[in-house]
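Me: I am new to this structure and would be grateful for a close look at a single part of it, the annotated binding positions. Please set that part within the whole chain.

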Amino acid sequence: MGYKVAVAGATGNVGREMLDILAERGFPADEVIALASRRSVGTEVSFGDKTLKVKALENYDFSDTDICLMSAGGEVSKQWSPKIGAQGCVVIDNSSAFRYDSDVPLIVPEVNADAIAGFTKKNIIANPNCSTAQLVVALKPLHDAATIKRVVVATYQSVSGAGKDAMDELFSQTRAVFVSDPIEAKKFPKRIAFNVIPHIDVFMEDGYTKEEWKVMAETKKILDPKIKLTCTAVRVPVFVSHSEAVNVEFERPITVEEATEVLRNAPGVLVVDKREAGGYITPYEAAGEDATYVSRIREDATVENGLSFWCVSDNLRKGAALNAVQIAEVLVNRKLLKPKQKAA
Ligand SMILES: NC(=O)c1ccc[n+]([C@@H]2O[C@H](COP(=O)([O-])OP(=O)(O)OC[C@H]3O[C@@H](n4cnc5c(N)ncnc54)[C@H](OP(=O)(O)O)[C@@H]3O)[C@@H](O)[C@H]2O)c1
């Protein structure tokens with residue numbers, strides 16, 4: 001018997017991608033349920049060659065559901081994930097609500113799949129922030145090879161990271177510029193069309209933004225608490241895929257050739273690095289793909305044992321939905337979760 005899987009937030013950017021990825025990868029589900037807010041009840045979403053009618057999360061009984069892929073925002077997760085977990089359904093949560101809870105594993109399967117064992121404490125597993133996921137996929141093999149001391153990262157994050165309304169805002173502002181209509185900014189603090197905004201999520205007391213803090217805290221939790229990391233997170237007028245300029249300082253020397261070889265052999269990473277016009281990956285090309293792409297690998301001679309590189313991945317896939325489905329696959333493949341008997 002296969003699993004019964006619910007996708008909460010199924011009408012959203014990440015939820016739709018989750019349904020696609022479950023179907024594409026042939027996840028062993030007997031039944032998939034699409035859940036969203038009351039506003040969406042009865043609307044239809046695609047699942048492979050089927051369509052599913054959306055049900056309301058608030059009225060759904062999880063007692064015979066095995067896995068809930070939760071992608072409905074932090075407040076909804078805080079309210080519902082503990083209740084769902086208490087009903088014996090494992091929640092894989094995309095929001096930041098439980099990421100820093102020591103009783104909740106924060107998992108990127110290529111990096112720390114073994115940490116998943118702790119999920120039974122709350123029946124909740126957290127998926128990292130989109131910028132963290134791709135970063136740690138690229139950093140892990142380099143850390144294993146030469147031990148990372150310090151990372152300086154600047155992100156170039158697409159608007160889809162802020163949800164479907166944010167994508168609409170980039171589209172409508174871009175149109176408004178061309179037809180000379182007034183520009184309305186609701187989702188972003190300043191105009192995003194033909195602009196970049198060095199501010200994602202709220203400001204913290206030390207001057208960093210919460211998005212930057214998330215990348216720093218999550219990298220430590222997933223990869224190694226000893227790594228020092230500083231981040232500048234920037235929103236750019238790109239629809240899908242986040243890019244990152246990454247500078248790394250290692251304990252031991254590592255050449256560009258060694259780093260390239262290590263990255264070429266790493267799970268989830270594709271190196272495209274030709275040192276010529278177009279010989280690197282841009283967000284447009286990474287959209288719809290599963291890999292974390294690494295390009296522009298070069299020595300940084302201003303520090304001891306320094307390297308810089310460019311890293312791009314589809315934030316809705318590796319940054320969210322794909323990583324969540326891969327976590328579910330770890331549960332299944334390691335036999336950590338048996339399908340419940342169907343309720344009579
Ligand atoms: N986008 C990314 O790159 C990314 C990456 C990592 C993590 N995440 C996280 O994933 C989550 C979803 O992001 P998104 O980009 O998919 O957002 P989105 O496009 O705005 O979609 C939000 C989803 O949540 C549902 N929802 C809202 N309020 C609800 C409620 N009270 N009860 C049930 N469902 C409710 C919405 O349903 P309705 O259509 O009915 O309103 C919709 O399906 C967020 O926590 C986000 O931080 C996103």
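Reply: Accessible areas are obtained here by the Shrake-Rupley method with a 1.4 Å probe. On that basis, the accessible surface of the protein chain comes to about 15600 Å², and carbon and sulfur atoms account for 51% of that surface. The model is a predicted one.

The whole chain provides the setting. Its secondary structure consists of 9 helices and 14 strands. The radius of gyration is 20 Å, close to the 20 Å that the globule rule gives for 344 residues, so the chain is as compact as a globular protein of that length. Along the principal axes, the C-alpha atoms fill a box of roughly 65 × 55 × 40 Å. Of the 344 residues, 53% are buried. Among contacts with a separation of 6 or more, 68% join residues that are 24 or more positions apart. As for charge, there are 42 positive and 46 negative side chains, and the centres of the two sets lie 4 Å apart.

Within this setting, an unreviewed UniProt entry lists Q157 and R235 under "binding site". The two span 79 residues in sequence, yet their C-alpha atoms are no more than 4.7 Å apart, so they gather at one spot.

Q157 deserves the closest attention here. Q157 belongs to strand β9, which covers residues 148-157. A residue counts as buried when its relative accessible area is under 20%; Q157 has a value of 1%, and is therefore buried. Leaving aside residues up to four places away in sequence, Q157 touches S131, I200, E211, A233, V234, R235, V236 and H242. The other listed position, R235, is thus itself one of the residues in contact with Q157.

The unreviewed UniProt entry also places a "binding site" feature at T11, G12, N13, V14, R39, S40, S160, G161, P182 and N315. These positions are spread over 305 residues of sequence and are also spread in space, with up to 30.4 Å between C-alpha atoms.

Two of these positions, G12 and R39, may be examined in turn. G12 is located in the loop between β1 (3-8) and α1 (13-24). With a relative accessible area of 16%, G12 is buried. R39 lies in the loop between β2 (29-36) and β3 (44-47). Exposed means a relative accessible area over 50%, and R39, at 76%, is therefore exposed.

Methods: Residues numbered from 1 in each chain as written. Predicted model: local features only at pLDDT ≥ 70, side-chain atom pairs only at ≥ 80, totals over all residues. Heavy atoms only, no water. Helix = DSSP H or I, 4+ residues; strand = E, 2+ residues; numbered from the N terminus. Rg over C-alpha atoms; globule rule 2.2 N^0.38 Å. Buried < 20%, exposed > 50% of the residue type's maximum accessible area, 1.4 Å probe, protein only. Contact = heavy atoms within 4.5 Å. Lys, Arg positive; Asp, Glu negative; His and termini not counted. Charge placed at Lys NZ, Arg CZ, Asp CG, Glu CD. UniProt positions renumbered as here; feature names shortened; annotations may be inferred.
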